[in-house]
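Open the model in your viewer and keep the selection box ready. This tour tells you what to pick next and what you will find there.

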Amino acid sequence: MAIFNSSSLKYTLLPFSLAALLAGCGGGGSDNATNPTTDNSGWTSGVFASSGQFKGQCQAINEKNWLRSWSNETYLWYDEIIDTNPALTSGVIDYFNTLKTEQLTESGAKKDNFHFSLPTDEWQRQNQSGLSFGYGFNIKIIAGSAPRQAVVSYTEPNTPASNQNIIRGFELLEVDGVDFINTSSSSEVGIINAGLFPEQTGKVTEFVFRDISTNENRTVTLTSQNIESQPVMNVRTDLAAGDVGYFQFNSHNAIAETQLYNAFNQLAASSIKDLVIDVRYNGGGLLQMASQVGYMVGGSNTQGKIFERTIFNDKYPNTNPVTGQALTPMPFTNRFVGFENNPAIVAGTPLPTLNLERVFVLTTSSTCSASEAIINGLRGADVEIIQIGAGTCGKPYGFYPTDNCDTTYFTIQFTGENNKGFGEYSDGFAPQNTIDDARQPVRIAGCAVADDFTKRLGDASESLLSTALSYRENGSCPAPSSINSVLGFAPTIATDMPEVKDMRVQTMLEQNIILSDNMR
Amino acid sequence: MNILLAISMTAATLGLTGCLAQSSEPTPKLQHALLIEPNSAKVADAITQLLHSSQVQLTDDVFVTSSTVTLEQLNHKDPQGNPIMGKQLNMPDQFELMIKGERCFVRHLDSKATIELKQVLCKINPQR
């Protein structure tokens with residue numbers, strides 16, 4: 001059941017034809033290709049029929065054969081998949097989970113952490129850009145298992161949460177009378193999930209929060225509603241006596257384009273000399289929007305340079321295997337695209353730019369994908385990045401969600417390189433003095449500072465922003481904050497132990513897993 | 001699915017043009033429109049039919065103040081809490097409300113797949 005939208009409509013037939021071409025050329029390669037092994041089921045290692053031969057044939061063996069061929073055709077590291085007989089793995093999803101590289105990065109981390117599948121009807125659900133169900137607060141899970149800890153990272157304006165003065169730094173204590181921190185009851189965790197992750201408007205939930213600045217408890221009753229997010233917030237042009245501008249950028253979604261356009265016009269009209277972009281909670285989105293941000297920062301410094309060159313596996317050096325279009329590098333986009341139609345700004349309108357030679361970025365591990373592309377793209381154009389915060393997530397990869405037999409699969413199909421041909425940051429970018437040695441990030445200028453929930457975002461005394469301002473003045477960093485910093489919280493790594501998940505298909509939770517102790 | 005699209009587009013085209021040949025009135029133009037009364041449920045139903053999607057979440061005032069709406073995939077997140085689709089190359093889906101004569105239509109901007117929005121009242125959008 002394919003998604004019936006522009007993208008899938010365009011792409012439905014292409015994989016078949018491209019796969020047929022591949023099959024005609026003898027199929028894809030594997031380590032076993034030169035010495036094939038055939039068993040009684042007809043499977044021959046290293047020999048791949050066209051995925052089109054199995055598409056939409058919903059017997060388990062055909063679904064697995066489709067996955068095998070499709071992965072061989074489009075997976076970025078197809079030649080690192082160990083080709084096993086699909087008949088010997090019982091479940092379709094279990095088999096899909098074998099169709100990825102098991103190699104490690106230099107740091108010892110898994111090379112591929114981004115291999116997913118979802119029921120297609122769940123994936124197909126869409127919402128109006130920027131719209132979600134909720135109360136208007138975004139919450140970060142610091143510890144997912146008891147003693148749990150979760151804190152409000154920011155609130156959206158004009159929402160039930162902001163109307164009740166719920167602000168960044170509020171720590172969650174209770175949900176509908178359930179002890180959020182300590183409960184070990186799975187039924188109570190269910191109450192927490194139902195309250196935190198409403199699936200419809202009108203859900204009334206009582207929360208108890210503690211303001212970590214004042215240590216006072218607040219009980220509030222909130223009713224879920226449609227929340228219209230504001231991805232660009234807190235634009236400031238008055239920092240450092242007007243020399244420094246700032247804005248918070250939360251998502252590369254369609255509605256952000258106009259807000260970015262307005263923000264950069266406001267910044268360009270001021271007298272700022274430096275800019276701080278706060279992408280600490282920006283997990284990415286539209287890549288071309290990242291290139292717009294790159295242009296609006298770097299302007300003439302980006303002229304004639306590539307923002308990102310998309311790279312598929314080596315079977316497709318010149319062609320996007322999904323769209324069939326020729327691969328052309330993405331430039332720094334200097335015009336309004338119109339991701340969301342805006343009658344007031346015609347597509348093609350020139351974007352404002354600050355023509356900066358350097359920019360400060362505030363990051364955490366929630367800074368991901370398209371947000372990392374801003375960093376990498378500008379570095380490729382020799383615009384200096386000064387990074388304040390924690391290391392980014394490390395996701396230069398992307399995929400085209402692909403449906404077969406009511407399941408939608410996500411397998412890494414492309415990566416990206418900047419103007420200098422650099423794109424290896426699977427351990428993320430991190431400030432130079434980062435002390436966390438579990439990963440091997442690309443270290444760049446800046447300071448390692450833990451997220452500071454004691455101050456509002458955009459407040460000049462908030463740790464990341466204040467460090468950016470002081471680094472700008474004196475070029476030095478405070479002692480690096482570790483993940484155990486008492487000043488703020490650094491994100492924990494979610495475990496894959498038995499879990500209660502947010503079962504909604506959209507959430508405002510940045511780490512949306514809560515563990516119930518008695519389920520371990 | 002492409003067949004369904006073709007059927008949808010053909011049906012819509014026939015719907016827009018088929019009966020016009022019997023009329024001596026000037027052919028009404030297809031123009032951008034606004035809903036006179038909010039009806040997000042009917043709009044969502046129309047879009048889910050066009051998309052063959054199970055659910056579309058819209059603001060209550062969709063098409064009341066603007067003739068277009070942009071959709072995006074819900075924000076599915078990975079076990080690390082980051083969006084699965086953090087790096088999208090595609091343009092998001094956009095839909096527009098159109099009016100021809102007295103009839104209202106929802107049209108997918110890119111494919112031009114169209115469906116009539118029945119039992120609603122709309123008017124020409126003077127801003128478009």
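**Start with the whole of chain A**

Select chain A and show its surface. About 19,600 Å² is exposed, and carbon and sulfur atoms supply 48% of that area. Keep in mind that this is a predicted model.

Now switch to a cartoon view. Chain A holds 11 helices and 26 strands. It has 520 residues, and 58% of them count as buried.

How are the contacts in chain A spread along the sequence? Take contacts between residues at least 6 apart in sequence: 69% of them join residues at least 24 apart.

**Helix 3 of chain A**

Select residues 60-74 of chain A. This is helix 3, with 15 residues. From its first C-alpha to its last, helix 3 reaches 21 Å, close to the 21 Å expected at 1.5 Å a residue. Is helix 3 mostly covered or mostly open? It is mostly covered: 13 of its 15 residues are buried.

Next, select A:T89. This residue sits in the loop between helix 3 and helix 4 (92-96) of chain A. A:T89 has 18% relative accessibility, so it counts as buried, the cut-off being under 20%. Which residues does A:T89 touch, leaving aside its neighbours within four places in sequence? They are A:K64, A:D94 and A:Y95. Show those three side chains with A:T89.

**Helix 7 of chain A**

Move to residues 186-196 of chain A, which form helix 7. Colour its buried residues: A:V189, A:I192, A:N193, A:G195 and A:L196. Now turn the view until you look down the axis of helix 7. The buried residues fall within an arc of 165°, so they line one face of the helix.

Stop at A:V189, one of the residues of helix 7. A:V189 is buried, with a relative accessible area of 0%. Add A:V178 to the selection. The two are 11 residues apart in sequence. In space, A:V189 and A:V178 are 8.1 Å apart, C-alpha to C-alpha.

**Salt bridges in chain A**

Side chains of opposite charge can pair when their charged atoms come close. A search of the whole structure finds 17 salt bridges over all chains.

Select A:D274 and A:R358. Their side chains meet in a salt bridge, at 2.8 Å from N to O. The pair links distant parts of the chain, 84 residues apart. A:D274 is in strand 13 (residues 274-278) of chain A, and A:R358 is in strand 17 (residues 358-363) of chain A.

Are the two partners buried or exposed? A:D274 counts as buried, at 5% relative accessibility. A:R358 is partly exposed, with a relative accessible area of 25%.

**A bridge between two chains**

Show chain B as well. Select A:E308 and B:K87. Their side chains meet in a salt bridge, at 2.7 Å from N to O. A:E308 lies in strand 15 (residues 306-311) of chain A and B:K87 in strand 4 (residues 87-88) of chain B, so the pair joins two chains. Both A:E308 and B:K87 are buried.

**A pair within chain B, then a network**

Select B:R107 and B:E96. They form a salt bridge, with the closest N and O atoms 3.0 Å apart. The pair links distant parts of the chain, 11 residues apart. B:R107 is in strand 6 (residues 103-108) of chain B, and B:E96 is in strand 5 (residues 94-100) of chain B. B:R107 is buried, with a relative accessible area of 17%. B:E96 counts as buried too, at 2% relative accessibility.

Now go back to A:D274 and A:R358 and widen the selection. Salt bridges that share partners join A:D243, A:K273, A:D274, A:R358, A:R472 and A:E473 into one network.

**Last stop: strand 1 of chain B**

Select residues 31-35 of chain B, which form strand 1. Strand 1 is mostly covered, with 4 of its 5 residues buried.

Which strands pair with strand 1 of chain B? One is strand 5 of chain B, in the antiparallel sense over 2 bridges. In strand 5, look for B:M98, the bridge partner of B:H32.

Another is strand 8 (residues 122-124) of chain B. It also runs antiparallel to strand 1, and 3 bridges join the two. To finish, select B:L35 and find its bridge partner in strand 8, B:C122.

How values were computed:
Residues are numbered from 1 along each chain as its sequence is written. Chains are lettered from A and ligands numbered from 1 in the order in which they are written. This is a predicted model: local features need pLDDT of at least 70, side-chain atom pairs count only at pLDDT 80 or more; totals for chains, interfaces and linings use all residues. Side-chain values use heavy atoms; hydrogens and water are left out. Buried means under 20% relative accessible area, exposed over 50%, partly exposed in between (1.4 Å probe, protein chains only). Contact means heavy atoms within 4.5 Å. Accessible areas come from the Shrake-Rupley method with a 1.4 Å probe; for residues, only the protein chains shown count as cover. A salt bridge is a side-chain nitrogen of Lys or Arg within 4 Å of a carboxyl oxygen of Asp or Glu. The expected span of a helix is 1.5 Å times one less than its number of residues. The arc is that of the directions from the helix axis to the C-beta atoms. Two strands pair if DSSP finds at least two bridges between them.
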